[in-house]
Amino acid sequence: LVRKNALYYDVMCFEWRWTVDKVELANQVGADVVETVKSKIKCLSVNIQNILAVMAYIPCSVDVSVLKELLLTDDALNENEIAFLLKEASEEGMLMFLAESGHYVLAHDRIREASRGYLGEKEDHDQLLLHMADVLQRLGKGSKMEWCLYTAADLLNSLPSDKVMNVTDLIKLNLRVSKIAKIRGSPGKENALLRECLERLQPFKWKDYHLSLEVYNAVIVSEYTLGNQDRATIAIEEVLDNAKCLRDKVSAFLHQVKSLCETKDYAMAAHEGVKILNMFSYNIPLKPTKLDLVREKMKLRLAFKGRSYASLTNLPVVDDPLTELFSEVGRDCLFSGQPRLVVVIAWTAVRRAIEKGIDRCFPLCLVMLGTLLGKKGNVRA
């Protein structure tokens, strides 16, 4: 510390004094600790070094059988030999035994950092990470082993594309893990994985059409949800420019309308939304008259074929992305004070539901329709 000018002896006060603040001191001391631990690791046996290297990339404790598969050694070690090495590493202060689980874990984060740093200096660093990722993907079955897929994705993402055997498989793995992260309530992790997908996809984007479309649509939803409007807009434009059919553009259209709502210009959002819906051959009038309402009501009666609204409960449940666009545009019309347009959009959504089935967003269309038709002095049923 004296050589680094972090500490000096004040001869006037007869005491040692710091020349750096606490944060700087922590960084300097921390770096010294890591280098010290790294030096100690170099003095341990090769097998213990390999065990520490593997455990440095595992976020949780694992049993000996899993550790045996993850190790990449010239001589295959049996479980008893690995258990003995774990005990030896514990005696050296590298590992800590957890009595409740019967597993060993790294004794400190600095040991994890030092183990990773030491592995990074070795020639077989990339080979070990690829081996671990392959094993973890095989083990990642069931909700209790989802951490294997998370870790496999992180290991492969840390490698450059030329080191990864199949970039397409890596993108699919990231997509799979991002969906798990979304279900588990981790939007930040989901977004990080999707950005990784996007980066890996760039050299050959849209050459694999379906994979590109899936990645960009997922990115649109994730970036919009997190409030990253600029990134969402870039992805939206990418899909609108390259998607082959209108159905493939529905998510981009939906979030394009949603983005307009961020400015509170609901009238503009409603106008653009109706124009988009009309691309799907619905011919919704932008400013419906009473005669338009009569016509739309007649179309609805023909679609019902004498049945009541109660018959909608017998319709199959389907995944119909366009229904969410109907509900979003209807909401914008409602907020911009266009009740007639709301009714026409809702009736059109009902006709679509009768034809295609009920999507999860369909009830919102019914709620808006019921609210307006139930008001006195407004549109009558």
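In this predicted model, K264 is exposed, with a relative accessible area of 59%. The residue lies in the loop between α12 and α13 (266-278). The phi angle of K264 is near 65°, which is a positive value in a residue other than glycine. A second case is N283, located in the loop between α13 and α14 (290-304). Phi of N283 is near 50°, again positive in a residue other than glycine. N283 is likewise exposed, and its relative accessible area is 61%. As background, most residues other than glycine have a negative phi.

E196 is found in helix α9. With a relative accessible area of 17%, E196 counts as buried, because the cut-off for a buried residue is under 20%. When residues up to four places away in sequence are not counted, E196 touches N157 and N174. The C-alpha atoms of E196 and S61 are 27 Å apart in space, and these two residues are separated by 135 residues in sequence.

N174 also appears among the buried residues of helix α8. The others in that list include V167, L170, I171, L173 and L175, and further along the helix V177, S178, I180 and A181. Residues three or four places apart in an α-helix point the same way, because there are 3.6 residues a turn. The buried residues of α8 pack against four helices, namely α6 (125-139), α7 (146-157), α9 (187-201) and α10 (209-225). The length of α8 was also examined. Helix α8 (residues 167-183) has 17 residues, so at 1.5 Å a residue a span of 24 Å is expected; the C-alpha atoms at its ends are 25 Å apart, which agrees.

Helix α8 also contributes to the lining of the largest pocket, as do α9, α10, α12 (250-261) and α15 (321-335), each of which supplies at least two residues. The volume of the largest pocket is about 800 Å³. Its lining consists of 27 residues, and those closest to the centre of the pocket are N217, V221, S251, D319 and P321. Helix α10 provides the largest share of this lining, with seven residues. Sorted by class, the lining of the largest pocket has twelve charged, ten nonpolar and five polar residues.

Enclosed space was considered separately. Rolling a probe the size of a water molecule over the atoms shows where empty space is left. In a search of the whole structure, one cavity of 30 Å³ or more was found. The largest cavity has a volume of about 70 Å³. Its lining is formed by N50, A53, V54, L71, L72, L119, K122, D124 and L128. Three of the lining residues come from helix α2 (residues 46-55), which is the largest share. By class, six residues of the cavity lining are nonpolar, two are charged and one is polar.

The nonpolar interior was then described. The largest nonpolar core has 52 residues, and M94 and L95 have the most contacts inside it. Leaving aside neighbours within four places in sequence, L95 is in contact with L52, M55, L86, A89, S90, Y104, V105, L106 and A107. Another core, of 42 residues, lies apart from the largest one; among its residues are V257, V342, I358 and C365.

Notes. Residues are numbered from 1 along each chain as its sequence is written. This is a predicted model: local features need pLDDT of at least 70, side-chain atom pairs count only at pLDDT 80 or more; totals for chains, interfaces and linings use all residues. Side-chain values use heavy atoms; hydrogens and water are left out. On a 1 Å grid over the protein atoms alone, a cavity is a set of points where a 1.4 Å probe fits but cannot get out, and a pocket is an open set with protein on both sides within 12 Å along at least five of seven lines; lining residues have an atom within 4 Å of a point. Grid points are joined across faces, edges and corners, and a volume is the space filled by probe spheres set on the points. Ala, Val, Leu, Ile, Met, Phe, Trp, Tyr, Cys and Pro count as nonpolar, Asp, Glu, Lys and Arg as charged, and the others, Gly among them, as polar. A nonpolar core is a set of buried Ala, Val, Leu, Ile, Met, Phe, Trp, Tyr and Cys residues joined through side-chain atoms within 4.5 Å. Buried means under 20% relative accessible area, exposed over 50%, partly exposed in between (1.4 Å probe, protein chains only). Contact means heavy atoms within 4.5 Å. The expected span of a helix is 1.5 Å times one less than its number of residues.
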